[in-house]
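Work through the exercises below with the sequence and the 3D structure open beside you. Try each task before reading its solution.

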Amino acid sequence: MSPGGQAVGSTDELRAAIAGGANLVYLLPTLYPLNGTPLNVSGAAVDVTLEGLGGDEGATLDAGGLSRAIDVT
């Protein structure tokens, strides 16, 4: 893990990390259901990196029926 990166293991933790201004988020190997609400990334200098962290299964952002999983404004 790079310095300054934040590991998350749930959708709530992922949303909180992005809302808190984290620019490097490591996704632990699990399912992240968005439950009908896209991830909202906003700011003047938006630069967010999501990376999987270990595990054979990897991390899955499950957008369900959404046409946009991530909304960047």
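The exercises that follow concern a predicted model.

**Exercise 1. Confidence**

Find the mean pLDDT of the chain, and state where confidence is lowest and where it is highest.

Solution. Step 1: the chain has a mean pLDDT of 82, and 88% of its residues reach 70 or more. Step 2: confidence is lowest in strand β5 (residues 49–52), with a mean of 72. Step 3: strand β3 (residues 31–33) has the highest confidence, at 91. Step 4: where pLDDT is low, predicted coordinates should not be read in detail.

**Exercise 2. Elements of the chain**

List how many helices and strands the chain has, and give their order.

Solution. Step 1: the chain holds one helix and seven strands. Step 2: starting from the N terminus, the order of the elements is β-α-β-β-β-β-β-β. Step 3: after helix α1 comes Gly21, which has a positive phi, near 90 degrees.

**Exercise 3. The open sheet**

Describe the sheet that contains β1, β2 and β5, and say how α1 sits against the sheet.

Solution. Step 1: three strands make up an open sheet, in the order β1-β2-β5, with parallel pairing. Step 2: β1 (6–8) and β5 are the edge strands, since each of them pairs on one side only. Step 3: from one strand to the next, the twist averages 30 degrees. Step 4: β1 and strand β2 (residues 24–27) run parallel and are joined by three bridges. In this pair, Val8 stands opposite Leu27 in β2. Step 5: α1 packs on the sheet and touches β1, β2 and β5. The direction of α1 makes about 150 degrees with that of β1.

**Exercise 4. Two sides of the helix**

Which residues of α1 are buried, and why do they count as being on the same side?

Solution. Step 1: Thr11, Leu14, Ala17 and Ile18 are the buried residues of α1. Step 2: these residues lie on the same side of α1 because they cover an arc of only 125 degrees around the axis. Step 3: their cover includes β1, β2, β3, β4 (39–41), β5 and β6. Step 4: the face of α1 turned away from the buried side carries the exposed residues Asp12 and Ala19.

**Exercise 5. Two residues, buried or exposed**

Place Ala19 and Asp56 in the chain, and decide for each whether the residue is buried or exposed.

Solution. Step 1: Ala19 belongs to helix α1 (residues 11–19). Step 2: Ala19 has a relative accessible area of 70%. The cut-off for exposed is over 50%, so Ala19 is exposed. Step 3: Ala19 and Gly43 are 24 residues apart in sequence, with 9.8 Å between their C-alpha atoms. Step 4: Asp56 is in the loop between β5 and β6 (60–62). Step 5: with a relative accessible area of 84%, Asp56 is exposed by that cut-off too. Step 6: Asp56 and Pro29 are 27 residues apart in sequence, and their C-alpha atoms are 7.9 Å apart in space.

**Exercise 6. The chain as a whole**

Report the share of buried residues, the share of contacts that join residues at least 24 apart, and the accessible surface.

Solution. Step 1: the chain has 73 residues, of which 22% count as buried. Step 2: take the contacts between residues at least 6 apart in sequence; 61% of them join residues at least 24 apart. Step 3: the accessible surface of the chain is about 4500 Å², and 47% of this surface belongs to carbon and sulfur atoms.

How values were computed
Residues are numbered from 1 along each chain as its sequence is written. This is a predicted model: local features need pLDDT of at least 70, side-chain atom pairs count only at pLDDT 80 or more; totals for chains, interfaces and linings use all residues. Side-chain values use heavy atoms; hydrogens and water are left out. Helices (H or I, at least four residues) and strands (E, at least two) are DSSP runs, numbered from the N terminus. Buried means under 20% relative accessible area, exposed over 50%, partly exposed in between (1.4 Å probe, protein chains only). pLDDT is the predictor's confidence in each residue, from 0 to 100. Two strands pair if DSSP finds at least two bridges between them. Axes are lines fitted to C-alpha atoms, for helices over the stretch in contact, and angles run from 0 to 180 degrees between N-to-C directions. Contact means heavy atoms within 4.5 Å. The arc is that of the directions from the helix axis to the C-beta atoms. Accessible areas come from the Shrake-Rupley method with a 1.4 Å probe; for residues, only the protein chains shown count as cover.
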